Amino acid sequence: MSADNLVRDLAAALAGIPLIDPHSHINPLAPVACSLDDILGYHYYTELAHSAGMSPGPLAKDVAPRERVRAIVGHMDRYDNTAQYAWFLDIARGFLGFKGNCIAPSDADGLFDAAERTFSQKDWEKQVREKTNLEKIFLTNEFDDPLEGFDTSVYVPCLRTDTLVFHLDRAETRDRLDKATGIHVVDAGSLRKAIAALFLHFTRKGAKACAISLPPDFEPAHYDDEYIYEQIRFHDCRDIAPGVFWLIAEFCREFKLPFDLMIGVNRRVYVNGVYQGQDLFDQRTSLIQYRRLFNAFPEVTFPVSVLTSAQNQELVAYSWIFPNVIPNGHWWYSNVPPYIRKDLTERLAAVPKTKLIGYYSDAYKLEFVLPKYDMYRRVLAGVLADEYVRPGVLSESEAVALGTRLLRDNVKDVFKV
Amino acid sequence: MSADNLVRDLAAALAGIPLIDPHSHINPLAPVACSLDDILGYHYYTELAHSAGMSPGPLAKDVAPRERVRAIVGHMDRYDNTAQYAWFLDIARGFLGFKGNCIAPSDADGLFDAAERTFSQKDWEKQVREKTNLEKIFLTNEFDDPLEGFDTSVYVPCLRTDTLVFHLDRAETRDRLDKATGIHVVDAGSLRKAIAALFLHFTRKGAKACAISLPPDFEPAHYDDEYIYEQIRFHDCRDIAPGVFWLIAEFCREFKLPFDLMIGVNRRVYVNGVYQGQDLFDQRTSLIQYRRLFNAFPEVTFPVSVLTSAQNQELVAYSWIFPNVIPNGHWWYSNVPPYIRKDLTERLAAVPKTKLIGYYSDAYKLEFVLPKYDMYRRVLAGVLADEYVRPGVLSESEAVALGTRLLRDNVKDVFKV
Amino acid sequence: MSADNLVRDLAAALAGIPLIDPHSHINPLAPVACSLDDILGYHYYTELAHSAGMSPGPLAKDVAPRERVRAIVGHMDRYDNTAQYAWFLDIARGFLGFKGNCIAPSDADGLFDAAERTFSQKDWEKQVREKTNLEKIFLTNEFDDPLEGFDTSVYVPCLRTDTLVFHLDRAETRDRLDKATGIHVVDAGSLRKAIAALFLHFTRKGAKACAISLPPDFEPAHYDDEYIYEQIRFHDCRDIAPGVFWLIAEFCREFKLPFDLMIGVNRRVYVNGVYQGQDLFDQRTSLIQYRRLFNAFPEVTFPVSVLTSAQNQELVAYSWIFPNVIPNGHWWYSNVPPYIRKDLTERLAAVPKTKLIGYYSDAYKLEFVLPKYDMYRRVLAGVLADEYVRPGVLSESEAVALGTRLLRDNVKDVFKV
């Protein structure tokens, strides 16, 4: 059997595994796209088109969706080398009946119309989930999300704590917290009560994880109650983030929720960037900043995503040593084949296989789950072939079992779904 | 067709593309080598021979060129595993009629004599340019270069600003600036005038870029005129570099010149190193240091080279987000196949193809342009084969078109040549 | 010949080279394992089992060895994807007559019994050395090791200086130094005398290197005698490490011993980790911290190991420029195939081949030398095939010669054995 056939066979076998996607930004009340504008409004396309020279004009709110789609598709021949373009081509071919091998500016209208027809089908969500072989998908919910109106056995709630940790200095956040919990935060005690109320609400609604994204220089810290009181009372919560984070970790312990850490993003680096296309990073960060956290909370599982591939070796080593640290997927700027291939190969060589969460889609609309997982499965199949099957370490079926573990088994075990 | 044949075919097709080399240190008044000493005096060979145990003796000025060549060639069997040795072997075979597969100490005299005969041909420069298929090559000119005596349509001037930015604290620099522009710098206003005069001189002579190499800890900054005045007047321009850099960026905007940033070099780390073989780096640097610059100058294109492959992911991400940031070639310590392969693969996966400047030679003598580009083209062909042709994403001819874009089209577009 | 056959042939040829292993933690008075507990007590297995969920219970001193082995083997199906598991499988198959392809919990007792029988053979050490084709192996001896009772032509002493440099602030260390040398340290002069006595003792016993492992933020410094005196006299040697290190480098120069630097480890990051499984790192470190050292001691050879693959490019560049800096093996968290492959490929592309120490086992028991070197040789064979033989740069026998240089010749030359 030729090399390519082996990879293709492995990828095909992996494609048969029902997915549980452990991280996304899906809105469960509108999980699928309504128009092609919803698809191409995904920040990857607006970023790449803008980076390749598209003016901000077409992105204005009052521009007709069809016009915006024309502009973004019109710039595709400048970025059709990218992995992100390949996702869109897969969507066009897999969901919209597109037959071509590449997308030309002249395809914009045809695709827009096809999307109108396709996405307006009543059972479109069901169709997408079936085609995607998607069993469950995790959400990322703001702390005051009522978590009502959807099936939480499919759309699994997850408590996003970015706002609580980093924006408690805003009166708006404290008002929202007040409203969501009925507790007015005046000191560490009432802050604990309020957070407890959130955890209670989320876990009652079936939440399976807590999550946060963190800047490169962040270091969690335990603050004593007096300091927290002073910050709340006299300083508008300005220097409180490391301590609020610590309190949340305490509740993850109490409520037995894994705490997803997504480490390394600096917000608003490119201030005139497109919506959601302003964030970058400083590669100079280290997991050593989390040593106290990992030591203090042995009972909490921390699925860790790092933004840069250069930090992957830290993630490998910390996961190899700390029982409560596990590598989680391939995030954002590392979510393209060259980084996935490198990082996955490294993780497989040195981290117990039961600790590897292979992938999550990070998708905003369900249509992206399939092309993103397809990209991952192709890379995974290649790595399994090169590192295990060809050297005679594993048989094909054993390699598929290892892949299944990364794609599904570990998600079930770690998040208890 | 076997795998190797595919790569060979792609490389052959790429070899047919006329080159525009966007960065070199060629002296246009003496662009080719006069003797083998000019070739082996390239710092790569003196560095490697010295690093492998050659005493500094043969590098002294008063040593006869033939003796020096014997010494450097005599140590080649200690570093014939390197990419730099391979360039020299290519020069020996391609330009000097050498027939062997490896170079022995006993080959020194024969090669020296062959070089004497070959390089003394009247049309040698023309021959080299033709063999190299070299249409244009960028220079790196000191700010007070008269830019006279050569064809600027072939040898394209580029304003090197290292001295202005980092050595304005030396009286000698200020004297040279005075002499070159007729403007005596006493404050921000006269400094602006002097820089404007340089830009005027350079652009009139056909300059197509401004360039600078920067230490790992550098961070550009806007200084107000009063601070600049005080620095010039009372502190011998000691703490002015970030501000002078900023002024130069302003003139790049005004004169519509791309500003090449070569980020990451620490000068004179190995103080007893060979000439030009004293510079190293600190991997701990970040493009976040340029966030203010990239935000403040959206109209200026910044072709960015990074010294270390670990920083390539930052370059990929910043180029994916900022329209005015583009990845530029593979610099110095990253200019060997393993780093080129990795960095190129990453860039192709996530940066719009219209923003990728594939390569520059960085050469001091024209003879090096061919072997260095050959090395790059072989790596490029391999990456195009592995990432695009074999997975069925592009046909062979489409892959050649993508390679052509990196090798030539983007150089034309970005630098407007 | 198929690709795999080429790699297999190269690996087979490399396997015939007698090994001189330049770094291990072998106890020469007990060089081989007495029981399977000695093998699986290696921190890699206790770490991985613990990280994968094994409670600390079985690691307690009073637990019977057979029970501990059952526990560690019992967790192997959680980490049988790792390189470290593959070493154990090789030991089981190569030394213990195991016939299976993977190790199940039920194999624990059989393997334990086989090990009892095998390891109790009188000539077991001789058998292991012969099977391993091991000529010499370097030790890592505490400064007050008497170095008696073993054949120093096989077990080569090496002066480990971690305790001297980092724990001279402990009265216990100063007592041990006092006892080992008969010199009571009260100032820089007596400290020098004491260190000289250690070097004399070690070199008389055939020591061929000095070694130390260093934290990421360490920077050697020359301290004047008065400062050292004050530190010793009034501050219990608290802030003296960089200066003691410098003195040791001076004696390496005087006694012509290479000084192995193992850079990047933070001790006791995971405070409740298993024995020897508590150390991690901060990727933010740079060889620039050693610029003064490398400049000040041109006569001392520094074989440098870095803990992280991201720092490999610094190691490549510093070795390419500094004659006295040479890359040394693949250490600890980088000692798995993906990092070895990457780092080795990079080193071969740009560092003189005479300066590359390919590998060391770092082993605590002789049984590990063979599987670890086998892993390395497979990777080395693959890199030689891909980078040299397949592109037509070297013939197979030339590639084997290059591999021999990395595996053996350079160890002999650098350490003068």
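Q: Which residue is the bridge partner of B:Leu19 in strand 2 of chain B?
A: The partner is B:Leu134. The model is predicted: local features need pLDDT of at least 70 and side-chain atom pairs pLDDT 80 or more, while totals for chains, interfaces and linings use all residues. Residues are numbered from 1 along each chain, chains are lettered from A and ligands numbered from 1 as written, and side-chain values use heavy atoms, without hydrogens and water.

Q: How do you know that strand 1 and strand 2 of chain B pair?
A: Two strands pair if DSSP finds at least two bridges between them. Strand 1 (residues 19–21) and strand 2 of chain B are joined by three, so they qualify. They run parallel.

Q: What makes strand 3 of chain B a partner of strand 2 of chain B?
A: Two bridges link them, in the parallel sense. That meets the cut-off of at least two. In one of these pairings, B:Phe138 has B:Val156 as its partner.

Q: Why is strand 2 of chain B called mostly covered?
A: Buried means under 20% relative accessible area, exposed over 50%, and partly exposed in between (1.4 Å probe, protein chains only). Four of the five residues of this strand, 134–138, are buried.

Q: What makes strand 1 and strand 3 of chain A edge strands?
A: Each pairs on one side only. The three strands form an open sheet in the order 1-2-3, with parallel pairing. Strand 2 (residues 134–138) of chain A meets strand 3 over two bridges. There, A:Ile137 is matched with A:Tyr155.

Q: Why is helix 3 of chain A called mostly covered?
A: Nine of its nine residues, 43–51, are buried. Among them are A:His43, A:Glu47 and A:Ser51. Their cover includes helix 2 (36–40) and helix 16 (369–389) of chain A, together with helix 14 (312–321) and helix 15 (337–350) of chain B. After the helix comes A:Gly53, with a positive phi near 120°.

Q: Why does C:Thr132 count as buried?
A: Its relative accessibility is 2%. The limit is under 20%, so the residue falls on the buried side. C:Thr132 lies in helix 7 (residues 124–132) of chain C. Leaving out residues up to four places away in sequence, it touches C:Leu19, C:Phe95, C:Val369 and C:Leu370. A contact means heavy atoms within 4.5 Å.

Q: How do you know that strand 7 of chain C is largely enclosed by the rest of the structure?
A: Five of its five residues, 302–306, are buried. C:Phe302, C:Val304 and C:Val306 point one way, while C:Pro303 and C:Ser305 point the other way. In a regular strand the side chains alternate between the two faces of the sheet. Strand 7 also pairs in parallel with strand 6 (residues 259–263) of chain C, over three bridges. C:Ser305 is the bridge partner of C:Met262.

Q: What makes chain A as compact as a globular protein of its length?
A: Chain A has 17 helices and eight strands (DSSP runs of H or I, at least four residues, or of E, at least two, numbered from the N terminus). Its radius of gyration is 22 Å, close to the 22 Å of the globule rule for 417 residues, so the description fits. The radius is taken over C-alpha atoms, and the rule is 2.2 Å times the number of residues to the power 0.38. Of the 417 residues, 61% count as buried.
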